[in-house]
Amino acid sequence: MSLLRAALRTPLRSVSRASAASTGTQLAALAYRRYLSDEARSIIDKAVKAQPVVLFMKGTPDKPQCGFSRAVIQILDLQGVSPAKLQTYNVLADPELRTGIKEYSNWPTIPQLYVNGEFIGGCDIVMSMHQNGELESLFTKEKVIEPAPSSS
């Protein structure tokens, strides 16, 4: 069992489903929600900071297993992100990582992109940022890519 798997099996608090349902309050339903242990959070913290650009995706860059993951990989390639500055994690290979990263970011979908440890978003946000130039600006500011030469 991976260290992350073991850490994710240790919730910080637990409330039975029956208890949450019997009170009928949103607070009880919120308490039922699974929380990451400190150990799992620490492991994911290290993972999102492993490289300047980190992508949690379905599949691998060579063989994406969903269209959204494929789109983000293509955008990173178009932006000129060097493979040396990119770390990817295949959430299909580790179901606990798949659940844990969603809880960590409070973002319900995969893929998830991080730049220098900061959560950027999923495919829709990455696509929008690519289209409006914000992604290139972010990558330049964070020294992930070199600034484009000026055309003067």
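The following questions and answers walk through a predicted model of one chain.

Student: What pattern do the helices and strands follow along the sequence?
Tutor: Start with the inventory: the chain has 8 helices and 4 strands. Of its 152 residues, 36% count as buried. Read along the sequence, the pattern is α-α-α-α-β-α-β-α-β-β-α-α.

Student: What share of the contacts between residues at least 6 apart in sequence join residues at least 24 apart?
Tutor: One pair shows such a separation: Val115 and Val48 are 67 residues apart in sequence. In space their C-alpha atoms are 8.1 Å apart. Across the chain, among contacts between residues at least 6 apart, the share joining residues at least 24 apart is 65%.

Student: In what order do the strands lie in the sheet?
Tutor: The 4 strands form an open sheet with mixed pairing. Strand 2 (86–90) and strand 4 (118–121) are the edges, each pairing on one side only. From one strand to the next, the twist averages 25°. The order is 2-1-3-4.

Student: Which residue of strand 2 is the bridge partner of Met57?
Tutor: Strand 1 and strand 2 run parallel, joined by 5 bridges. With helix 5 they make a right-handed β-α-β unit. In strand 2, the partner of Met57 is Asn90.

Student: On the strand 3 side, which residue stands opposite Phe56?
Tutor: Strand 1 (residues 53–57) pairs with strand 3 in the antiparallel sense, over 4 bridges. Val54 has Tyr114 as its bridge partner in strand 3. Opposite Phe56 stands Gln112.

Student: Is strand 1 enclosed or open to the outside?
Tutor: Look at both faces. Val53, Leu55 and Met57 point one way, Val54 and Phe56 the other, and all are buried. That makes 5 of the 5 residues buried, so strand 1 is largely enclosed.

Student: Which strands does helix 5 touch?
Tutor: Helix 5 (residues 67–79) packs on the sheet. Its direction makes about 160° with that of strand 1. The strands touched are strand 1, strand 2 and strand 3.

Student: At what angle does helix 6 run to strand 3?
Tutor: Helix 6 (residues 95–105) lies across strand 1, strand 2, strand 3 and strand 4. Its buried residues include Leu97, Gly100, Ile101 and Tyr104. After the helix comes Asn106, whose phi is positive, near 60°. The angle of helix 6 to strand 3 is about 60°.

Student: How are helix 4 and helix 6 oriented: roughly parallel or roughly perpendicular?
Tutor: The axes of helix 4 (residues 38–48) and helix 6 come within 11 Å. They cross at roughly 85°. An angle of 65 to 115 degrees counts as roughly perpendicular. The two helices are therefore roughly perpendicular.

Student: Which residues of helix 6 meet helix 4?
Tutor: Helix 4 brings Arg41, Ile44, Asp45 and Val48 to the contact. By class, the contact of the two helices has 4 nonpolar, 1 polar and 2 charged residues. From helix 6 come Gly100, Ile101 and Tyr104.

Student: Why are helix 7 and helix 8 called roughly perpendicular?
Tutor: Helix 7 (residues 123–132) and helix 8 (residues 134–141) have axes 5 Å apart. The term covers 65 to 115 degrees. Helix 7 and helix 8 are therefore roughly perpendicular, at a packing angle of about 90°.

Student: Which residues of helix 8 make the contact with helix 7?
Tutor: On the helix 7 side, Val126, Met129, His130 and Asn132 take part. The contact residues divide into 4 nonpolar, 2 polar and 1 charged. On the helix 8 side they are Glu134, Leu135 and Leu138.

Student: Is Val115 buried or exposed?
Tutor: Val115 is found in strand 3 (residues 112–115). Its relative accessibility is 3%. The cut-off for burial is under 20%. Val115 therefore counts as buried.

Student: Which residues does Val115 touch, leaving aside those up to four places away in sequence?
Tutor: Take helix 8 before the full list. Leu138 belongs to the contact of helix 8 with helix 7, and Val115 touches Leu138 too. The full list is Pro52, Ile120, Leu138, Phe139, Glu142 and Val144.

Terms used
Residues are numbered from 1 along each chain as its sequence is written. This is a predicted model: local features need pLDDT of at least 70, side-chain atom pairs count only at pLDDT 80 or more; totals for chains, interfaces and linings use all residues. Side-chain values use heavy atoms; hydrogens and water are left out. Axes are lines fitted to C-alpha atoms, for helices over the stretch in contact, and angles run from 0 to 180 degrees between N-to-C directions. Angles under 35 degrees count as roughly parallel, over 145 as roughly antiparallel, 65 to 115 as roughly perpendicular and the rest as oblique. Contact means heavy atoms within 4.5 Å. Ala, Val, Leu, Ile, Met, Phe, Trp, Tyr, Cys and Pro count as nonpolar, Asp, Glu, Lys and Arg as charged, and the others, Gly among them, as polar. Buried means under 20% relative accessible area, exposed over 50%, partly exposed in between (1.4 Å probe, protein chains only). Two strands pair if DSSP finds at least two bridges between them. A crossover is right-handed if, with the strands pointing away from the viewer, the path from the first strand over the helix to the second runs clockwise.
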